[in-house]
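Student: I should like to learn how the features of a protein model are read. Could you take me through one example?

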Amino acid sequence: MGFQADGLEIRRPLVRKANDGSICKWIVNVQDRLCTLKDAFENVPLCVGFNIEVKFDDEIEVSEVDLQRVIGTVLKEVAMYAKGRKVFYSSFHPDAVDLLRKMQTEYPVLFLTDAGTHLYKDERRNSIESAVELCLKCGLQGIVSEVRAILQNPELVSKVRDAGLCLLTYGDLNNFVEVLQKQKETGVDGVIVDHVLEMVSAVRNATISGITFNIP
């Protein structure tokens, strides 16, 4: 799909979704091919771990056949090219994380959740409590929550930890060192940030380097 390494574009062009929800062809000034998972494994230093998020459109119902096809393709690439690299899988799709655990047990699987900061028809996506229940039911290793839910209700950290799960957070607020400090104090296991080098430097300067990714 899209621009290829040999300079050819196959029949299925790339498309994008506009802010109004319409779908249009992805037109750019300079064409280049998309980086594949194989490319990433082969060109990123082995010491760098991968959080492989398996994405699906929130507004489209995905069949189990399509879930298995997408996940199976990802797992095949990881099996071929990971070569001992630290990896964990994550997804916002409840059925996808269930399948990720059923189809492999070598790497941890974490459930991504907005934790009520945005509501969905699928109730499994709408709270930390529901996320914990899903993780225990499916044998997952932890939760990646939108950070605002944790800042607003710090007691949720102990609910996750008491269930034997690890807790990571994501979100724009994680680009502020004060927010990282607060999460360290409440027992959050790890954080996902956009400005990695900047935040690592800030964390070290603030002597809060105890925040690390710690995945069972």
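Tutor: The discussion below takes up a pocket, a helix, backbone angles and salt bridges in turn. Please bear in mind that this is a predicted model.

Student: Let us begin with empty space. How much space lies in the second largest pocket?

Tutor: As a general idea, rolling a probe the size of a water molecule over the atoms shows where empty space is left. Here, the second largest pocket holds about 660 Å³ of space.

Student: How many residues line the second largest pocket, and which lie nearest its centre?

Tutor: The lining consists of 26 residues. Those nearest the centre are Asp 57, Asp 58, Ile 60, His 93 and Arg 125.

Student: Which helices each supply at least two residues of this lining?

Tutor: They are helix H2, residues 64-81, and helix H3, residues 94-103. The largest share of the lining is that of H3, with 5 residues.

Student: How do the lining residues divide into nonpolar, polar and charged?

Tutor: There are 14 charged residues, 9 nonpolar ones and 3 polar ones in the lining of the second largest pocket.

Student: I should now like to read a helix. Which residues of helix H4 are buried?

Tutor: The general idea is periodicity: an α-helix has 3.6 residues a turn, so residues three or four places apart point the same way. In H4, which spans residues 128-138, the buried residues are Ile 128, Ala 131, Val 132, Leu 134, Cys 135 and Cys 138. Viewed down the axis of H4, these buried residues fall within an arc of 165 degrees, so they line one face of the helix. Glu 133, Leu 136 and Lys 137, on the other side of H4, are exposed.

Student: What do the buried residues of H4 pack against?

Tutor: Their partners include two helices that follow in the sequence numbering, H5 (147-152) and H6 (155-162). H3 and the strands E5 (109-113) and E6 (142-146) are also packed against by the buried residues of H4.

Student: What backbone angle does Gly 139 take just after H4?

Tutor: Gly 139 takes a positive phi, about 75 degrees.

Student: Which residue that is not a glycine has a positive phi of about 50 degrees, and where does that residue lie?

Tutor: That residue is Lys 83. Lys 83 is located in the loop between H2 and strand E4, residues 87-91. With a relative accessibility of 65%, Lys 83 counts as exposed, because the cut-off for that class is over 50%.

Student: Is Ala 115 buried or exposed?

Tutor: Ala 115 is buried, its relative accessible area being 13%, and the limit for that class is under 20%. Ala 115 has a positive phi of about 55 degrees, although it is not a glycine. The loop between E5 and H4 is where Ala 115 lies.

Student: Let us turn to charged side chains. How many salt bridges does the count come to?

Tutor: In general, side chains of opposite charge can pair when their charged atoms come close. The count for this model comes to 10 salt bridges.

Student: Where do Glu 42 and Lys 38 lie?

Tutor: Both lie in helix H1, residues 37-43, at a spacing of 4 residues, about one turn of the helix. Their side chains meet in a salt bridge with an N to O distance of 3.2 Å. Glu 42 is partly exposed at 45% relative accessibility, and Lys 38 is partly exposed at 28%.

Student: With which residue does Asp 66 form a salt bridge?

Tutor: The partner of Asp 66 is Arg 69, and the closest N and O atoms are 3.7 Å apart. Both residues belong to helix H2, where they are 3 residues apart, about one turn of the helix. Asp 66 is partly exposed at 32% relative accessibility, whereas Arg 69 is exposed at 51%.

Student: Is Glu 146, the partner of Arg 148, buried or exposed?

Tutor: Glu 146 is buried, with a relative accessible area of 8%, while Arg 148 is partly exposed at 38%. The closest N and O atoms of this salt bridge are 3.2 Å apart. Elsewhere, salt bridges that share partners join Asp 95, Asp 122 and Arg 124 into one network.

Methods: Residues are numbered from 1 along each chain as its sequence is written. This is a predicted model: local features need pLDDT of at least 70, side-chain atom pairs count only at pLDDT 80 or more; totals for chains, interfaces and linings use all residues. Side-chain values use heavy atoms; hydrogens and water are left out. On a 1 Å grid over the protein atoms alone, a cavity is a set of points where a 1.4 Å probe fits but cannot get out, and a pocket is an open set with protein on both sides within 12 Å along at least five of seven lines; lining residues have an atom within 4 Å of a point. Grid points are joined across faces, edges and corners, and a volume is the space filled by probe spheres set on the points. Ala, Val, Leu, Ile, Met, Phe, Trp, Tyr, Cys and Pro count as nonpolar, Asp, Glu, Lys and Arg as charged, and the others, Gly among them, as polar. Buried means under 20% relative accessible area, exposed over 50%, partly exposed in between (1.4 Å probe, protein chains only). The arc is that of the directions from the helix axis to the C-beta atoms. Contact means heavy atoms within 4.5 Å. A salt bridge is a side-chain nitrogen of Lys or Arg within 4 Å of a carboxyl oxygen of Asp or Glu.
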